Amino acid sequence: IGVILSMIFVVMLFLFSSDLMCMQYLYSDLDSKALSISYLIAQNRIIDDAFKNEIQKTYNVTFTYNGPVKPSYGEIVDFNVSKSFDPIILSTSDVIINVKRTAVIGYYG
């Protein structure tokens, strides 16, 4: 009986660690996409609805930005990139992974 009960805990630990690894992978993926989006914002200089829709369609993320449509040169722009994740054991509902980044308009670095 002890072996059977310990196997239940091992399986639960395995599922929990797989959720954490998937969340880390998703966060790293969002971080790299946010870096690319930051570069596009710096180049484009206009963040209108067409640009937001293109970002969401291209990168398959939820892009949120609350600021002026045409920020001035050198202005710092804050934006969020998020994606939903359906964990196995961590939660019964979807978990939203959110990455907040900044871009400087006109700086291509």
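Trainee: Where along the chain does Arg45 lie?

Mentor: Arg45 lies in the loop between H1 and H2, where helices (H or I, at least four residues) and strands (E, at least two) are DSSP runs numbered from the N terminus. Keep in mind that this is a predicted model, in which local features need pLDDT of at least 70 and side-chain atom pairs count only at pLDDT 80 or more, while totals for chains, interfaces and linings use all residues. Residues are numbered from 1 along each chain as its sequence is written, and side-chain values use heavy atoms, with hydrogens and water left out.

Trainee: OK, and what is the phi of Arg45 like?

Mentor: The phi of Arg45 is near 70°, which is a positive value in a residue other than glycine. Arg45 is also partly exposed, because its relative accessible area is 33% and the scale runs from buried (under 20%) through partly exposed to exposed (over 50%), computed with a 1.4 Å probe and protein chains only.

Trainee: Which residue with a positive phi follows H2?

Mentor: That is Asn60, which comes after H2 with a phi near 55°. Asn60 sits in the loop between H2 and E1, and Asn60 counts as exposed because its relative accessible area is 53%.

Trainee: Let's stay with H2. Which of its residues are buried?

Mentor: Phe51, Lys52, Ile55 and Tyr59 are buried in H2. They fall on the same side of H2, because they span an arc of only 100° around the axis, the arc being that of the directions from the helix axis to the C-beta atoms.

Trainee: Why would residues a few places apart point the same way?

Mentor: An α-helix has 3.6 residues a turn, so residues three or four places apart point the same way.

Trainee: And what is exposed on the other side of H2?

Mentor: Asp49, Ala50 and Lys57 are exposed there. The cover over the buried residues of H2 includes H1 and strand E1 (62–64).

Trainee: A lysine among the buried ones is odd to me. How far from Lys52 is the nearest side chain of opposite charge?

Mentor: It is Asp49, at 4.4 Å, and Lys52 has no salt bridge although it is buried. A salt bridge here needs a side-chain nitrogen of Lys or Arg within 4 Å of a carboxyl oxygen of Asp or Glu, and for charge Lys and Arg count as positive and Asp and Glu as negative, with His and the chain ends not counted. Setting aside residues up to four places away in sequence, Lys52 touches Ile47, Phe63 and Tyr65, contact being heavy atoms within 4.5 Å.

Trainee: What about Asp19, which is also buried without a salt bridge?

Mentor: Asp19, which belongs to helix H1, has Lys83 as its nearest side chain of opposite charge, 15 Å away. Beyond its neighbours within four places in sequence, Asp19 is in contact with Phe85, Pro87, Ile88, Ile89 and Leu90.

Trainee: So how many salt bridges does the rule give?

Mentor: The count comes to two. In one of them, Lys33 pairs with Asp29, and the closest N and O atoms are 3.3 Å apart; both residues are in helix H1, four residues apart, or about one turn of the helix. Lys33 is buried because its relative accessible area is 15%, whereas Asp29 is partly exposed because its value is 23%.

Trainee: And how far apart, N to O, are the side chains of Arg101 and Asp31?

Mentor: They meet in a salt bridge at 2.6 Å. This pair links distant parts of the chain, with Arg101 in strand E3 (residues 95–104) and Asp31 in helix H1, 70 residues apart. Arg101 is partly exposed because its relative accessibility is 26%.

Trainee: Switching topic, which residues form the nonpolar patch on the surface?

Mentor: Ile1, Ile4, Leu5, Ile8, Phe9 and Met12 form it, with about 700 Å² of accessible area together. Patches take residues with over 30% relative accessible area and no salt bridge, joining like charges within 9 Å and nonpolar side chains (Val, Leu, Ile, Met, Phe, Trp, Tyr) within 5 Å. The areas come from the Shrake-Rupley method with a 1.4 Å probe, and for residues only the protein chains shown count as cover. Met12 itself lies in helix H1 (residues 2–44), and Met12 is partly exposed because its relative accessibility is 43%.
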